[in-house]
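Biologist: Can you put the model up and talk me through it? I'd like to start with the helices and then go to side chains.
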Amino acid sequence: MNWMEKLPYDWTPPALPADGEIPHGDMPGDSVQIGEKHIQKANLIFPELLRLMRENPAEKIVVAVSGGSGVGKSETASLLSYYFNQLGVGAYPLSGDNSPRRIPAQNDAERERVFRGGGGTGMLDAGVYTEAAGKILRNLWVSGADADPAQC
């Protein structure tokens, strides 16, 4: 039996592990914390993936999950992979950071540069940037705490 024959027509989401631990592949630095919204997204996407796969049989497929930072790509991809594996269809969430034009450390540095530049620009645009605020912001950058929501 090939993997395409394993795809059900009537799919019910499988139970998630009691400990909440879903394998999340090779996503270095990602904090994969699956919540109800991620489960809702994956449960909406998965039946459509099954339909598309049945209509377009292939030996192998790649499913790309994309979106802005913090929207739940890693969580959703991990759930989709988990669902496929529960059906006996091999799947693995491969982080886009591991097939970059830059090495992953440089990707992290680029994200940091964009995040920090956007924060400074946002402060300037809002008219709240001062020399004192700039000093506080630089200290947060050095300590790595600038992305901590508690600093808002």
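Modeller: One term is needed before the helices: a residue is called buried when its relative accessible area is under 20%, exposed when over 50%, and partly exposed in between. Keep in mind that this is a predicted model.

Biologist: Fine. How many of the residues of H2 are buried?

Modeller: Eleven of the 14 are buried, so H2 is largely enclosed by the rest of the structure.

Biologist: Which ones are the buried residues of H2?

Modeller: Ser74, Glu75, Thr76, Ala77, Ser78, Leu79, Leu80, Ser81, Tyr82, Tyr83 and Phe84.

Biologist: And what do the buried residues of H2 pack against?

Modeller: They pack against helix H1, residues 36-55. Seen from the other side, H2 is part of what covers the buried residues of H1.

Biologist: Which residues of H1 are buried, then?

Modeller: His38, Ile39, Ala42, Phe46, Leu49, Leu50 and Met53.

Biologist: What about the geometry of H2, from its first C-alpha to its last?

Modeller: Helix H2 covers residues 73-86 and reaches 20 Å between those atoms, close to the 20 Å expected at 1.5 Å a residue. After H2 comes Gly88, which has a positive phi, near 85°.

Biologist: How far apart are the end C-alpha atoms of H1?

Modeller: They are 29 Å apart, and the 20 residues of H1 should span 28 Å at 1.5 Å a residue, so the two values agree.

Biologist: Switching to aromatics. How many aromatic pairs does the structure hold?

Modeller: Five. One of them is Trp11 with Tyr83, a tilted pair at 5.0 Å centre to centre with 55° between the planes. That pair links distant parts of the chain, with Trp11 in the segment before H1 and Tyr83 in helix H2, 72 residues apart.

Biologist: Are Trp11 and Tyr83 buried or exposed?

Modeller: Trp11 and Tyr83 are both buried. Another pair is Phe46 with Phe84, which is edge-to-face, at 4.6 Å between centres and 65° between planes. Phe46 is in helix H1 and Phe84 in helix H2, so this pair ties together parts 38 residues apart in sequence.

Biologist: What is the relative accessible area of Phe46?

Modeller: It is 0%, so Phe46 is buried. Phe84 also counts as buried because its relative accessibility is 6%.

Biologist: Which residues form the aromatic cluster?

Modeller: Trp11, Phe46, Tyr82, Tyr83 and Phe84 make up one cluster.

Biologist: On to charges. How many salt bridges does a search of the whole structure find?

Modeller: Three. In one, Glu48 pairs with Arg51, and the closest N and O atoms are 2.3 Å apart. Glu48 and Arg51 are three residues apart in helix H1, so about one helical turn separates them.

Biologist: What else does Arg51 meet in a salt bridge?

Modeller: Glu55, at 2.7 Å from N to O. Glu55 and Arg51 are four residues apart in H1, again about one turn of the helix. Glu48, Arg51 and Glu55 are thus named together as a network of salt bridges.

Biologist: How accessible are Glu48 and Arg51?

Modeller: Glu48 has a relative accessible area of 35%, so it is partly exposed. Arg51, at 32%, counts as partly exposed as well.

Biologist: And which residue forms a salt bridge with Arg116?

Modeller: Glu112, with the closest N and O atoms 3.1 Å apart. Arg116 and Glu112 are four residues apart in helix H3, so they too are separated by about one helical turn.

Biologist: Is Arg116 buried or exposed, and what about Glu112?

Modeller: Arg116 counts as buried because its relative accessibility is 16%. Glu112 is partly exposed, with a relative accessible area of 41%.

Biologist: What does Arg116 touch further along the sequence?

Modeller: Leaving out residues up to four places away in sequence, Arg116 touches Trp141, Gly144 and Asp146. Arg116 itself lies in helix H3, residues 104-125.

Biologist: Last topic, the surface. Which residues form a nonpolar patch there?

Modeller: Ile61, Val63 and Val65, with about 190 Å² of accessible area together. Val63 is in the loop between H1 and H2. Val63 has a relative accessible area of 36%, so it is partly exposed.

Key. Residues numbered from 1 in each chain as written. Predicted model: local features only at pLDDT ≥ 70, side-chain atom pairs only at ≥ 80, totals over all residues. Heavy atoms only, no water. Helix = DSSP H or I, 4+ residues; strand = E, 2+ residues; numbered from the N terminus. Expected span 1.5 Å × (residues − 1). Buried < 20%, exposed > 50% of the residue type's maximum accessible area, 1.4 Å probe, protein only. Contact = heavy atoms within 4.5 Å. Patch = residues over 30% accessible without salt bridge, like charges linked within 9 Å, V, L, I, M, F, W, Y side chains within 5 Å. Areas by Shrake-Rupley, 256 points an atom, 1.4 Å probe, with all protein chains shown as cover. Salt bridge = Lys/Arg side-chain N within 4 Å of Asp/Glu carboxyl O. Phe/Tyr/Trp six-rings, centres within 6.5 Å; stacked < 30°, edge-to-face > 60°.
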